[in-house]
Amino acid sequence: MAEYDFDTEGVKKTITFLNRKAPYGTIYALEVLESVLISAAFEQHANIVFVDDGVFQIKKGHDTADLEMKNFLPTYGIIEMEKEDADEDEDMDMNWRIIVEKESMEARGLTPDDFKVEVEVLSSAELADVLATSDAVIGG
Amino acid sequence: MKFGILVNEGPFTHQASDSAYQFVKAALEKGHEVPRVFFYYDGVYNANKLSAPQADDRNVVKRWSDLAKEKDVDLVVCVAAGLRRGIVEDNLMDGFRISGLGQLTEAAMGTDRLVMFGD
Amino acid sequence: MLHTVNKSPFERNSLESCLRLAKKGSAILLLEDGVYAAMGGTTVSDKVASAAKDNSVYVLGPDMKARGLAEGQLIDGIKVVDYAGFVDLVADNDGVTPWL
């Protein structure tokens, strides 16, 4: 009922955003972006992971004009900027990784050049380690 | 232990809200704390007080509301997701409140486990 | 890490991706439509049985019961839990990865 007062002072967690859905057909890809961006305000570590059809979310060249839907590809540019800012700022303890699973990418005929943002391509085994060491996983 | 819960689907179409409710009930019965349930995506429809299921069906919205009152669970509806879908103060069920997405991050930070229910 | 799978393996690839990306020794809970993966005699039974050797695989009893599935039909090595058991799994593992 009443707002719960969390003690988050000094808390640093690693939140993984596991994106597995294609864009536009459903809203999942768009709304997860909003939660990724908000975690920057709390300076939390984040893994932004693209698996299965989620890899289509960051494919270059979205043009949604005919659908009258918001093209959210530019938002990934903002996420990339947040990541770069955090990487460059020595006073900021916020580690973000943008990760694509190699197997999902290759199964869909894509290469890293097809993506709007710079990504780390990890094998399934490497990604399994990333998931296993996450404090919280938000799927979509 | 403290559990944060994320519900990403509305009532009735998907089982997510039912599963989340049963999980929360069991967790509280076992003596765990569930300080916050965050409703995101279509999950915001769980707070629609205009929902009126038939008498022989469970009332998902009321069930959450009762749980909030009895067990002091903080039910938070995402403001942006709610506005998009027309869930606002006017049709917000008792026991829920509307707030920002930062409340989800806070729940992930301030609990021992975040458990997500969706589709 | 506890992995939760709530989709039928005959409709979506959630289980397949979970099995590919769960580290050996994980706990995997099949719930909602995910419970169909726990049944023997299907096209995915061998895969699930093999996963149950490397991981601890659980199925949510109330979801099985609702769908008319009996414990006798389960793949060997899969354990049935109720919601209280689900809670224990979450508490006993250091995180939850949802495969939706």
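## Chain C: crossovers and strand pairing

In this predicted model, strand β1(C), helix α1(C) and strand β2(C) together make a right-handed β-α-β unit. The two strands of that unit, β1 (residues 2-5) and β2 (residues 27-30) of chain C, run parallel and are joined by four bridges, and within this pairing His3(C) stands opposite Ile28(C) in β2(C).

A second right-handed β-α-β unit follows from β2(C), helix α2 (residues 45-54) of chain C and β3(C). Here β2(C) pairs in the parallel sense with strand β3 (residues 56-60) of chain C, again over four bridges, and Leu30(C) is found opposite Val59(C) in β3(C). As a general point, the strands of a sheet pair through backbone hydrogen bonds, and they may do so in either a parallel or an antiparallel sense.

## Chain C as a whole

Chain C contains four helices and five strands, and when these elements are read from the N terminus on, they run β-α-β-α-β-α-β-α-β. The radius of gyration of chain C is 12 Å, which is close to the 13 Å that the globule rule gives for 100 residues, so chain C is as compact as a globular protein of that length.

Along its principal axes, the C-alpha trace of chain C spans about 30 × 25 × 25 Å. Of the 100 residues in this chain, 49% count as buried, and among the contacts in chain C with a separation of 6 or more, 68% are accounted for by residues 24 or more positions apart.

## Where chain C touches chain A

How many residues of chain C are in contact with chain A? There are 13 residues of chain C in contact with 15 residues of chain A. On the side of chain C that touches chain A, the elements giving two or more residues are α1 (14-21) and β5 (96-99) of chain C, and the largest share, four residues, comes from β5(C). By character, the residues on this side of chain C divide into seven nonpolar, four polar and two charged.

## The sheet of chain B

In chain B, five strands form an open sheet in the order β4-β3-β2-β1-β5, and the pairing is parallel. The edge strands are β4 and β5 of chain B, each of which pairs on one side only, and neighbouring strands of the sheet are turned by 25° against each other on average, direction ignored. Helix α1 (residues 16-29) of chain B lies across β1 (2-7), β2 and β5 of chain B, and its direction is at about 170° to β1(B).

Within this sheet, β2(B) and β3(B) pair in the parallel sense over four bridges, and the bridge partner of Phe39(B) in β3(B) is Val77(B). Strand β3 (residues 74-78) of chain B also pairs with β4(B), in the parallel sense and over four bridges, with Leu75(B) standing opposite Phe96(B) in β4(B). These two strands, β3(B) and β4(B), make a right-handed β-α-β unit with helix α3 (residues 79-85) of chain B. Which residues of β4(B) are buried? Along β4 (residues 96-99) of chain B the side chains alternate, so to speak, between two faces: Phe96(B) and Ile98(B) point to one face and are buried, whereas Arg97(B) and Ser99(B) point to the other and are not.

## Where chain B touches chain A

The contact between chains B and A involves 24 residues of chain B and 22 residues of chain A. The elements that give two or more residues to the side of chain B that touches chain A are β2 (33-39), α2 (60-71), α3, α4 (102-110) and β5 (113-117) of chain B, and the largest share, seven residues, comes from α4(B). The residues on this side of chain B divide into 13 nonpolar, five polar and six charged.

## Helix α1 of chain A

On the chain A side, helix α1 (residues 28-41) has several buried residues, including Tyr28(A), Glu31(A), Leu33(A) and Val36(A). The buried residues of α1(A) pack against β1 (14-19), β2 (45-50), α2 (73-88) and β5 (136-139) of chain A, together with α3 and α4 of chain B. Just after α1(A), Glu43(A) takes a positive phi of about 50°.

Terms used: Residues numbered from 1 in each chain as written. Chains lettered and ligands numbered in written order. Predicted model: local features only at pLDDT ≥ 70, side-chain atom pairs only at ≥ 80, totals over all residues. Buried ≥ 20, exposed ≤ 12 C-beta atoms within 10 Å, placed from the backbone. Pairing = 2+ DSSP bridges. Right-handed = clockwise from strand over helix to strand, strands pointing away. Rg over C-alpha atoms; globule rule 2.2 N^0.38 Å. Contact = placed C-beta atoms within 7 Å. Nonpolar A, V, L, I, M, F, W, Y, C, P; charged D, E, K, R; others polar. Axes fitted to C-alpha atoms, helices over the stretch in contact; angles between N-to-C directions.
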